[in-house]
Structures are given as structure tokens and as C-alpha cells.
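Trainee: I should like to understand the reasoning behind the terms used for this structure. May we go through them in turn?

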Amino acid sequence: MRTDKILVLAVAVSVLFAACGADETTRSTSAPPTTPATAGTPTTGATLQPVGSGELGRFVWDGWVLDKQGAGPQLCAAVLTSLPPQCEGLPVAGLDWDDVPWAESAGDTTWAEVHASGTFDGKVFTLTEPPAAPEPLPDLFPDRDFTTPCSQPDGGWAVSDPSSELAFEAARTYAEAQPDFAGLWVDQLLAPGERENEEHDPGVFVANFTFTGDLDRHRAALAGIYGGPSCVSLGPRPLADLRALQARVFETLGGPEAEAAGIYGRFGMSGSANQFRGVVEVSVMVVTGDGAQAWLDEEFGPGLVEVRSYLRPAT
């Protein structure tokens, strides 16, 4: 059985309801497995290069760089935690592992987390100075709010029907089957150490269900299924529509039309269907120029898709 764990998927979508209520693939900050660096590790043998005429911008990177003999070093937005770890990302020129004494190696692969500065020409990230220790990663999409929009009932959040207190999955099944279902998340009421039954005890979280209309009907239906604390509120867009849009976005952003607009998804991509805002958020390895958002608005609809770059413009 294959036991490798995908920390970040470059072009895949997963459904994470219980924790955050969004279809999401996220960049991981977990480290690959470590072993001491050994002599004779792979290196490009290249020297730092000046900016060339094909430069599309100067950028900085904070994250993993991985160098497998025969493939060369790459910036990794996705890391497979086998030993040695693996990735497919953006090729790097000008890297000398002697400048990265904290690097680690296993077999034919060397890797490290670094802060790097360089230029991008559409194909390669070329270092303009030796790498340094990594800096904290920014949150590309920081606006997540998992608080419950409904007012707390008199007497607090309580179990209304003990006979159905374990029916959360049935309530979820009902909600997801509705054409106007817009999202689902849980708002934890107790700290982890205070929970007796973290998975099903309806006294430890509020189940939040959102729909795009007919809220009274949905409240009545859910009250007959689930007896734990719950909130039914209005959502911005059917989640099925967002999922379909997300799939289309992932199919498109790795292609030539996206690159013509300055969006380079083929080197690594992650994304989420943000049920709270009704938009698809995508992070790609590189975004260049000023035309990316205008192209996304024209291709997918105004404001429906937002893109961010793992490589950040140098200041």
C-alpha cells in the first residue's frame, strides 16, 4: 500500500467540511522528513547571473527548494513526504548548495527551506543573490471567519432534541442534497481539552448551514433531523456552482491563455472554493504584470476568481 502523504496538491481539489467548510487545497508549512546532509550532494554548478532581457519581474520566495539529480533544483509549492521528498515545480538557476549549509540530503536528492531573491523569465527562476534563512510565509487569503452569524439563543447553545443529537451526518446529507446549498462549517464552542466527544457531541460546536434562499423551510427540515446547536443563514452562491467553477479554473490556469495574461499555474497551483465569499481563490507559482485579474474577470465572470502568487514581487 502506498503510504506517501500529499501535503499540498498542485492541481487537485479536496473537500474539507468539518474543519473549515470549504473545498480547499492549501500550501503546507510542514517540513519534509530530515536526515543529515551528506557530501557529494547534487548542485547545478551554475553561477549567479545578471538580469537578462527576458526578465518578467524580480521576486522573492520563502519555501522549499528541492534538487534531484537529473532533474535539477526547483521551487516547490507541493511536497510529497517520501524519503527523499519529491516535487515538481519551478526550475531554479544559479543555486550553489554550499550557500545553504542547513540543507539536508537523502539518496540523490537535496532540499532546504530558503528565502531566495531572483528574476523570472517565464521558464526559470534565476537567483540574483545566495539564499538566506526563510522568513514567515504570508497568508495569501487571510479573510476567513468561522464565527456563527446567528445570535446565541436565550440560555445559550444547547441540545434541543437529545434523540437526534448524533444526527449531524444526516443533517449534512440533507443540506448537501439541496440545489441552493451554499456551505457548511462548524464553530467550536469548547477548547480541544474540554471536549468529551469531539466528533459528534452537539454541545461542543454550532453547525452552520447556509443556503441561497428559502431559509425557513431549511430551518424546519434541519430541526427535524438534528438536535444540536445549529444556525441556518444566507450564503452568497450555491456551492455546486462554485465547485464546477473551481474545476474549470484548475483546468484553465495551467494553459497558454493564462500565461499570456501573466498567470503561471503549470509550476504549481492550489485553491479553494470560498463558501463565505462565493468566490474561487487560487494560488499559483507566479503572477506577472497587471492584467491577471482583468483576464480572470473576462474569462470566468467579474469577481468570481481571485489569484495570488507564491513568488512575491521584490520591493
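Mentor: Let us begin with one pair of residues in this predicted model. The bridge partner of F181 in strand 10 is F211, and G183 stands opposite T210 in that strand.

Trainee: What makes strand 9 and strand 10 a pair?

Mentor: Two strands pair if at least two bridges are found between them. Seven bridges join strand 9 (residues 181-188) to strand 10 (residues 205-211), so the requirement is met. The two strands run antiparallel.

Trainee: How do you know that strand 9 is largely enclosed by the rest of the structure?

Mentor: A residue is called buried when its relative accessible area is under 20%. Seven of the eight residues of strand 9 are buried, and therefore the strand counts as largely enclosed.

Trainee: Why are strand 9 and strand 11 said to stand at the edges?

Mentor: The open sheet has three strands in the order 9-10-11, with mixed pairing. Strand 9 and strand 11 (230-234) each have a single partner strand, so one side of each has no neighbour in the sheet. From one strand to the next, the twist averages 20°.

Trainee: Which helices lie across these strands?

Mentor: Helix 2 (residues 168-177) lies across strand 9 and strand 10, at about 10° to strand 10. Helix 3 (residues 215-223) lies across strand 10 and strand 11, and runs at about 160° to strand 11.

Key:
Residues numbered from 1 in each chain as written. Predicted model: local features only at pLDDT ≥ 70, side-chain atom pairs only at ≥ 80, totals over all residues. Heavy atoms only, no water. Buried < 20%, exposed > 50% of the residue type's maximum accessible area, 1.4 Å probe, protein only. Helix = DSSP H or I, 4+ residues; strand = E, 2+ residues; numbered from the N terminus. Axes fitted to C-alpha atoms, helices over the stretch in contact; angles between N-to-C directions. Contact = heavy atoms within 4.5 Å.
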